[in-house]
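Please open the model in a viewer and keep the selection tool at hand. The tour moves from the whole chain to a helix pair and then to aromatic rings.

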Amino acid sequence: MKSTLALARSFDRPVRLLLVNQLTINTGFYMLMPYLAGHLSGTLALPAALVGLVLGIRNLSQQGMFLVGGTLADRLGYKPMIVTGCGLRTVAFLLLAMADSLFALVVASALTGFAGALFNPAVRAYLAQEAGERKVEAFAAFNAFYQLGILIGPLIGLVLNGMAFKLVCLVAGLMFAALTIAQMRALPAQAKEQPQERRAVLLDWREALTNRPFLLFSLAMIGSYVLNFQVYLSLPLEIRRVTASELGVTLIFVVSGLMTIAGQARMTAWAARRWRPPQAITWGLVLTGLAFTPLALAAPLASAATTPVGGITHALLLLPVLGTTVLLSLATMIIYPFEMATIVTVGASRMVATYYGLYSTLAGIGIAIGNLLTGWALDLGTQVSLPSLPWLALALIGLGCAVAVKALDRSGRLATSPQTAPTPA
C-alpha cells in the first residue's frame with residue numbers, strides 16, 4: 001500500500017500543486033486563527049461579546065458565501081478564484097496586523113472568511129477534475145496535506161505569537177502573498193470543456209437546490225460534521241473539566257493530525273478494496289457514532305473528578321477522550337475521500353464547484369445548530385446527573401447518519417443524479 005507521500009507523487013503536476021497549495025493555506029491560517037481571540041481580548045482589551053462578534057463574522061462570511069464562491073468558480077474558472085481568494089486573504093491578514101479599531105477588525109475578519117469561500121470550492125472542484133477516475137485517492141492525499149497544515153500551523157504561530165501577534169499576521173500574510181504569486185505562475189488553468197449554454201445564476205442554484213440525491217446526501221452527512229466538530233467543542237471542555245489543563249487539548253490535535261498524515265493513504269486503499277463508496281461512508285459513520293462510547297462509559301467515573309489531578313490519575317482521565325479522538329480520526333480517514341467523490345457523482349459535472357460550495361454551506365448551518373444542541377445536552381447531563389447523556393446522544397447521531405446513507409444507497413440515489421446521468425441515445 002502506498003504511503004501518503006508516494007500517493008501524492010503518483011499524480012500529475014496540477015494535483016501535486018493543489019496539495020502543496022492546501023498545505024500552505026492551512027499552515028498560514030492555523031498559525032494565526034488560534035491566537036486571534038487572545039489578541040482581541042488581551043492586547044486590544046475587547047469585551048467577550050465583541051470578540052465573539054469578530055470571530056462570528058469570519059465564520060459567517062465564509063460559510064454563508066461558499067455557494068457564491070462555488071458559482072463564481074464554475075463561471076470564471078477555478079484558477080482565478082483560487083488566486084483571488086489567496087490574494088484577498090493576504091490583504092485580510094495584513095489588515096489584521098494593523099487593525100486597532102472595531103471597524104477595521106470586522107472588515108479584516110469578513111475578508112478572511114470571504115477569501116476562504118472563494119478558494120475552497122474551487123480547489124476541491126479543480127482537484128476532482130484533474131484526478132479523473134482517481135478522485136478518492138486524490139482526496140485521500142488532500143486530507144493528509146490538509147491535516148499536516150493544521151498540525152504545523154499552530155506550532156509556528158505559537159513561536160511567533162510569543163514575540164508579537166502582529167508578527168504572526170505579517171508572516172501569515174506574506175505566506176499567502178507568496179502563494180498567490182506562485183499559483184499565478186505555476187498553476188495551470190483547468191482543461192477547457194465543450195461550450196455549454198450560459199444560464200442565469202438563480203437557475204443554477206435552483207437546479208442544485210432541487211437535486212434530491214444531492215440534498216438527501218447532504219442532510220444525511222450533516223451529523224458527521226457536527227460530531228467531528230466536537231474536537232473543538234465538547235472534547236476540549238471535557239479535558240479542561242477533568243484535568244484543569246490545556247495539555248490534553250493540544251494532544252487531541254497532535255494525535256489526530258499524526259494519524260491522518262501517516263495512515264490516510266493506507267486506510268483509503270484498505271477501504272476501497274472492501275467497500276463501494278457508499279458502503280465505506282456508511283461504515284465510517286458507524287465508527288463516528290461508536291467513537292463517543294468510551295466517553296459515555298467513562299462519564300460516571302470522570303464526573304467524580306471535580307478537582308485537578310496529576311500523575312497516573314491524570315493520564316487515566318485523558319484516555320476516554322483520546323480514545324474518542326482516535327476513533328473519530330479513523331472514521332474521518334474512511335469517510336472523507338469517498339464523501340468528496342460522491343458529491344461529484346450526485347451533482348452536475350458543469351457545476352462541481354457550485355455543489356461543493358452548497359454542500360459546505362449546508363454543513364456550516366448544521367454545525368451551528370448542532371453546537372447549540374450539543375451545549376444544551378452537556379448542560380442537561382450535568383443538571384440531571386446523567387453525565388453519559390450528551391455522549392450517548394452524539395453516538396446516536398452518528399448511527400442515525402449511517403442508517404440514512406445506507407437507505408440512500410439501497411434506493412440507488414447515490415449511483416448518479418438526474419443531472420449526471422447519461423442521456424439516452
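The stops below are given in the order in which they may be selected.

**The whole chain**

Begin with the full protein chain, bearing in mind that this is a predicted model. Colouring by secondary structure shows 18 helices and zero strands. Of the 425 residues in the chain, 51% are buried. Contacts between residues at least 6 apart in sequence may be considered next: 86% of them join residues at least 24 apart.

**Helices α2 and α8**

Select residues 13-30, which form helix α2, together with residues 135-161, which form helix α8. How do the axes of these two helices cross? They come within 7 Å of each other, at a crossing angle of roughly 30 degrees. Because angles under 35 degrees count as roughly parallel, α2 is roughly parallel to α8. The crossing of the two helices is right-handed.

Now display the side chains at this contact. On the α2 side, the residues to show are L19, V20, Q22, L23, N26, T27 and Y30. Their partners in α8 include A138, A141, F142, F145, Y146 and L148; further along α8, G149, I150, I152, G153, P154 and I156 also take part. By class, the residues of this contact comprise 14 nonpolar, five polar and no charged.

**Aromatic pairs**

The next selection concerns aromatic rings, of which the whole structure contains 14 pairs. Select Y225 and Y359: their ring centres are 6.0 Å apart and their planes lie at 75 degrees, so this pair is edge-to-face. Y225 belongs to helix α11 (residues 212-228) and Y359 to helix α17 (residues 352-383). The pair thus links distant parts of the chain, with the two positions 134 residues apart in sequence numbering. Are these residues buried or exposed? Y225 has 23% relative accessibility and counts as partly exposed, whereas Y359, at 4%, counts as buried.

Move next to W275 and W283. The ring centres of this pair are 6.4 Å apart and the planes are at 25 degrees, so W275 and W283 are stacked. Relative accessibility is 22% for W275, which counts as partly exposed. W283 also counts as partly exposed, at 49%.

**The aromatic cluster**

For the final stop, select F139, F142, Y146, Y336 and Y356, which form one aromatic cluster. Two of these names recall the helix pair: F142 and Y146 are among the α8 residues that meet α2.

Note on methods:
Residues are numbered from 1 along each chain as its sequence is written. This is a predicted model: local features need pLDDT of at least 70, side-chain atom pairs count only at pLDDT 80 or more; totals for chains, interfaces and linings use all residues. Side-chain values use heavy atoms; hydrogens and water are left out. Axes are lines fitted to C-alpha atoms, for helices over the stretch in contact, and angles run from 0 to 180 degrees between N-to-C directions. Helices (H or I, at least four residues) and strands (E, at least two) are DSSP runs, numbered from the N terminus. Angles under 35 degrees count as roughly parallel, over 145 as roughly antiparallel, 65 to 115 as roughly perpendicular and the rest as oblique. A crossing is left-handed if the near helix is turned anticlockwise from the far one by less than a right angle, and right-handed if clockwise. Contact means heavy atoms within 4.5 Å. Ala, Val, Leu, Ile, Met, Phe, Trp, Tyr, Cys and Pro count as nonpolar, Asp, Glu, Lys and Arg as charged, and the others, Gly among them, as polar. Rings of Phe, Tyr and Trp (its six-membered ring) pair if their centres lie within 6.5 Å; planes under 30 degrees apart count as stacked, over 60 as edge-to-face and the rest as tilted. Buried means under 20% relative accessible area, exposed over 50%, partly exposed in between (1.4 Å probe, protein chains only).
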